[in-house]
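Okay, hi everyone, thanks for coming. I'll put my structure up on the screen, and then we'll walk through it piece by piece.

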Amino acid sequence: QDLSLVLWASTAGSVLGPNLGAPGTALARYLGLPELSGAFVIAAILLSGAAICTATLRPDPLLLAQQHQDGGKPTVRTPVLTALKLAWSNPSGRLALSALVTAHAVMVCVMTMTPVHLDDHGGSVTLVGITISIHVAGMFAFSPLVGRAADRYGQRQVIGVGLAVLLASTLVSGFGALSHTAVPAGLFLLGLGWSLCMVPASSLVGAAVPQSIRTTVQGGSDMLMSSAGAVASAVSGPLLGLIGFGGLNALAAVILLPVTTLLLVQLSRSRTQQVSPAS
């Protein structure tokens with residue numbers, strides 16, 4: 001639940017950021033700077049404030065967590081790859097890492113090429129802006145509800161819903177590639193499916209390892225996500241040219257199959273284990 005609230009806080013920046021143009025222009029004129037630089041000045045001020053808050057935060061959340069969960073034991077400096085291997089050796093960690101990387105790669109791959117596709121098929125700048133705004137809302141606006149659902153129904157179950165929503169988004173966008181209504185709807189589902197995977201999987205990967213290496217695993221999982229997103233973004237352009245927007249969504253659907261299979265296997269084993277003692 002706490003993780004989902006942190007993710008939800010990103011909604012404010014995602015919504016306010018594109019609207020800094022007008023106040024940024026006024027500030028730039030006042031400072032005698034180029035008009036477009038004003039928004040960057042505002043962003044620098046806000047980032048400086050965030051840096052100060054982070055640097056002066058007391059008590060340190062990590063040290064406080066150690067005192068309550070590990071009896072005050074100092075954090076062990078474990079290499080990132082070693083920590084990730086330990087997470088991967090745990091079935092929960094394996095599912096979480098797979099879901100994080102896959103969901104992020106699929107989201108970035110389709111999202112990156114959507115503005116290009118809309119522009120190529122007569123979509124206006126306004127339509128592109130609305131589509132991305134709807135997508136961002138799907139990513140962040142519902143994260144507190146996603147966190148509650150994960151706490152109530154279980155992380156694996158919510159990840160399953162997220163994978164289903166991602167698959168639905170590829171079907172809507174793929175089959176409705178020429179529709180200026182279907183593509184924004186598909187992008188909303190793409191963002192929502194990402195959130196439904198991201199929140200429970202991030203929590204699950206942390207719970208799969210000891211507290212002493214949890215931050216290293218979280219950082220390593222973020223690194224894997226970012227790397228997958230970078231690769232997906234780099235190849236999405238050539239893929240769009242080769243197989244089109246419908247083909248790109250079809251490929252994204254195929255990419256979802258391995259982690260979906262892994263999830264179904266783990267859910268099946270969990271049900272078997274629950275039934276066996278009772279019988």
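One bit of vocabulary before we start: when I say two residues are in contact, I mean they have heavy atoms within 4.5 Å. And please keep in mind that what you're looking at is a predicted model.

With that word in hand, let's go to L163. Leaving out its neighbours within four places in sequence, L163 is in contact with C197, L256, V259, T260 and L263.

Now let's zoom out. What kinds of elements does the chain have? Eleven helices and zero strands. If you read from the N terminus, the pattern is just α-α-α-α-α-α-α-α-α-α-α. There are 279 residues in the chain, and 38% of them are buried. Take the contacts with a separation of 6 or more: 78% of those are between residues 24 or more positions apart. As for the outside, the accessible surface comes to about 14900 Å², and carbon and sulfur atoms account for 69% of that.

Next up, the core. A bit of background: in soluble globular proteins, nonpolar side chains tend to be buried together. Here, the largest nonpolar core has 48 residues, and the ones that touch the most other members are I159, L163, L190 and V217. So there's L163 again. Which helices supply at least two residues each to this core? They are helix 5 (80-89), helix 6 (91-120), helix 7 (125-140), helix 9, helix 10 (182-207) and helix 11 (214-278). Helix 6 gives the largest share, with 14 residues. There's also another core lying apart from that one, made of seven residues, and A150, V158, V165 and L192 are among them.

Let's stay with helix 9 for a minute, since I can show you a little calculation. Helix 9 covers residues 155-175, so that's 21 residues, and at 1.5 Å a residue the helix should span 30 Å. The C-alpha atoms at its ends are 30 Å apart, so the model agrees with the estimate. And which residues of helix 9 are buried? The list is V158, I159, G162, L163, V165, L166, S169, T170 and S173. If you look down the axis of helix 9, those buried residues sit within an arc of 160°, so they line one face of the helix.

Helix 5 gives us another example. Its buried residues are A83, L84 and A87. Looking down the axis again, the buried residues of helix 5 fall within an arc of 100°, so they line one face too. Turn to the other side of helix 5 and you find L81 and K85, which are exposed.

Just before that, in the loop between helix 4 and helix 5, there's T78. Is T78 buried or exposed? The cut-off for buried is under 20% relative accessible area, and T78 has 19%, so it counts as buried. Not counting residues up to four places away in sequence, T78 touches A83, I213 and T216. You've already met A83 as one of the buried residues of helix 5.

Over to helix 6, where I picked out two residues. One is C109, which is buried, at 7% relative accessibility. C109 and A234 are 125 residues apart along the chain, yet their C-alpha atoms are separated by 8.4 Å. Leaving out residues up to four places away in sequence, C109 touches A232, S236 and L248. The other one is V116, also in helix 6. V116 has 37% relative accessibility, so it counts as partly exposed. V116 and L240 are 124 residues apart in sequence, but 9.2 Å apart in space, C-alpha to C-alpha.

Two last things. How many salt bridges does a search of the whole structure find? One. The side chains of E35 and R29 meet there, at 3.2 Å from N to O. R29 is exposed, with a relative accessible area of 58%, while E35 is partly exposed at 43%.

And finally, have a look at the loop between helix 3 (38-55) and helix 4 (61-69), which is where P59 lies. The peptide bond joining R58 and P59 is cis, with omega at about -5°.

That's my tour, so over to you for questions.

Key
Residues are numbered from 1 along each chain as its sequence is written. This is a predicted model: local features need pLDDT of at least 70, side-chain atom pairs count only at pLDDT 80 or more; totals for chains, interfaces and linings use all residues. Side-chain values use heavy atoms; hydrogens and water are left out. Helices (H or I, at least four residues) and strands (E, at least two) are DSSP runs, numbered from the N terminus. The expected span of a helix is 1.5 Å times one less than its number of residues. Buried means under 20% relative accessible area, exposed over 50%, partly exposed in between (1.4 Å probe, protein chains only). The arc is that of the directions from the helix axis to the C-beta atoms. A nonpolar core is a set of buried Ala, Val, Leu, Ile, Met, Phe, Trp, Tyr and Cys residues joined through side-chain atoms within 4.5 Å. Accessible areas come from the Shrake-Rupley method with a 1.4 Å probe; for residues, only the protein chains shown count as cover. A salt bridge is a side-chain nitrogen of Lys or Arg within 4 Å of a carboxyl oxygen of Asp or Glu.
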